[in-house]
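Colleague: Could you take me through one helix packing in this model, slowly and in detail?

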Amino acid sequence: MSTETTSTVAHLGIGDRFRLWWDALARPTQWAVGVPFIVLIALLPIIKPPVLTTVGTDFAGVLAQFGMYALLAIGLNVVVGQAGLLDLGYVGFYAIGAYTVGLLTSPDSPWNQTDSWLSQKWAWLFALPIAIAITAISGLILGSPTLRLRGDYLAIVTLGFGEIVRLLADNLTTITGGGRGLSRIAYPIVGVSESRPTGYFSAGNNQAPITSGVAWFWLSIVLIIVVLLVVGNLQRSRVGRAWVAIREDEDAAEIMGVPTFKFKLWAFLIGASIGGLSGALYAGQVQFVIPTTFNIINSTLFLVAVVLGGQGNKLGVILGAFVIVYLPNFFLGRTELFGIPINGNEIANYKYLFFGLALIVLLIFRPQGLFPARQKLLAYGREVYVAARRAALALTRPTSDETTGGSR
Amino acid sequence: MPLLELKDMSVAYGRIEAVRGISITVEEGELVTLIGANGAGKTTTMRAISGIRPISAGSIWFDGNDISKMKAHERVLHGVIQAPEGRGVFPGMTVLENLEMGAYARVFKTKAEHDATLGRVFELFPRLEERKSQVGGTMSGGEQQMLAIGRALMARPRLLLLDEPSMGLAPMVIQQIFKIITEINDSGTTILLVEQNAQQALSRSDRAYILETGEVVTTGEGKALLADPAVKQAYLGVA
Ligand SMILES: Nc1ncnc2c1ncn2[C@@H]1O[C@H](COP(=O)(O)OP(=O)(O)OP(=O)(O)O)[C@@H](O)[C@H]1O
Ligand SMILES: [Mg+2]
């Protein structure tokens, strides 16, 4: 086995090489490499490396947003990358998570609970599991009828779902505040001190080194690790194998005894919960939700993160999320880059154009994404053609005497 | 009691009935063949037996139980296993992973049982062992067919449904596939086979049914049908 894999290393992409290298490390070594790496990432907003840091906006805030997008990408990747279900309305779950926290804890909401059983101090933390549960249930409600549909139909229905959620938020004015949104949403109140009267997580905390952005970034790193462990375990389990089978050939999967509908629903539900978690984080961080945050273009953006990073690869999609969030912010406010004068704000404004172009270029030259899941799992196009021809030739030529062997 | 019994089974696509009240029985240990022209309803029948196509009338009985309403994946648990037309190999999974998917629902109780079954599959199809880490999608047509049958065997079928296993294969490979089908049947597995290759199929099967536009028109012993002038003319290309 090992000889086979090393002999093919030359054809492997970055993702595969990294995986080979990583898998070859012993457990303690993996920890010894992984932990300092994560710590380094976590310290980025404090170190503010000269070239990396953003100039037009708070670097820590950008990283916090990246953390939330990374969660979204991981969740959407379960649905799209692992189970192969094209969900164009994923933003709907993000919205439901955010609005659940908002409705439960904003004084603008008729359902505000912070003046009754939810103490202001713990309100966000209590609202979090409720938000996840409600999002999971909405995933179930959307999935039960629609997961019987396939391919394009599913994509269209989910697209509609995303829009319906946004339109509800926009039009149920008496509950959601409509276009004015919900403000003063609860956030975790931790580490109150003289210099930080409302704690680390308050949007008002801009006391270096641990600003509000840093606190939210760190919290999201912890949640990302937890979610990755859960999703990774699922992926390696029977559930994960069922998802791959469904993605590759749903009928064949059913014939192999995979309860396809059940597992599709699971993928939907897990994806939705992660989206809800991210939404709840978002609501707490900005303490304010409005419908326009949850429009379709954002749904598309999440999908771009997944496709860009490499569908099916958990770490790849996190990088995808980073690109999506970081690049526009990198250009924001920049007037020169490596000595070349640029209008960074304009470039950032045209981000959708650039992402669109990047996606087209990517799909032409590297359809499997920048960091694809195990390459052979997604091998298609020319590679398959070449390999298939080789196999066909091998079958018809030298071994034809073996195939006729004992058949008289 | 037959292992499989279709009682006046009909299957419709929308308002069009592709299969119209057919009755077919397969006894334990038999090799039974279904032959018929293109579009006669053979694949439809197989899909209905597997449960991926609902039936519109009649019933399906397996091992004495009415399974007409049972979900496809539950039928697998009972041992109704199909190697589908067009093979249905998982293109991105390796040969070994494809084979393991065969045992997805019917999990092996012991490692020894797993190894023995896999060993048996590799014995029947040495090619699969040679190429066990190649991805399914890059296998040649014949190899994919072997993989589809091997994968079905990994589920330890009580009834093996084979839909046109010889489709698109070179004559020599067809010979080999048929030999293996007979071998599988001889070792005790009941088989319902759909074939265009009537000569081979009829000469090797215990009994056969001939399907025409969704109805059974003739049935009898394989060898007897081979001698039937009408069959000869329609399916063996003999005037
Ligand atoms: N999904 C479908 N929707 C509508 N009609 C269908 C569908 N699948 C099959 N049919 C029709 O049902 C009839 C029987 O098809 P079936 O696939 O069972 O034929 P077959 O006997 O397997 O043919 P072949 O030998 O070509 O594989 C055909 O007329 C076909 O056009
Ligand atoms: Mg057919």
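Colleague: How does H3(B) pass H6(B), in a left-handed or a right-handed crossing?

Modeller: H3(B) passes H6(B) in a right-handed crossing (the near helix is turned clockwise from the far one by less than a right angle; anticlockwise would be left-handed). Bear in mind that this is a predicted model: local features need pLDDT of at least 70, side-chain atom pairs need 80 or more, and totals for chains, interfaces and linings use all residues. Residues count from 1 along each chain as written, chains are lettered from A and ligands numbered from 1 in written order, and side-chain values use heavy atoms, without hydrogens or water.

H3(B) covers residues 95-102 and H6(B) residues 141-154, helices being DSSP runs of H or I with at least four residues, numbered from the N terminus. Their axes sit 6 Å apart at about 40°, so the two are oblique (neither under 35, over 145 nor 65 to 115 degrees). From H3(B), B:Val95, B:Asn98, B:Leu99, B:Glu100 and B:Gly102 meet B:Leu147, B:Gly150, B:Arg151 and B:Met154 of H6(B), with heavy atoms within 4.5 Å. That contact splits into 4 nonpolar, 3 polar and 2 charged residues; Gly counts as polar here.

The loop between strand E6 (80-83) and H3(B) holds B:Glu85. With B:Thr43 (OG1), B:Glu85 (OE) coordinates the magnesium ion (ligand 2) at 1.8 to 2.4 Å. B:Thr43 lies in helix H1 (residues 42-50), so the pair ties together parts 42 residues apart in sequence.

How values were computed. Donors = N, O, S within 2.8 Å, 3.2 Å for Na, K, Ca; no water. Axes fitted to C-alpha atoms, helices over the stretch in contact; angles between N-to-C directions.
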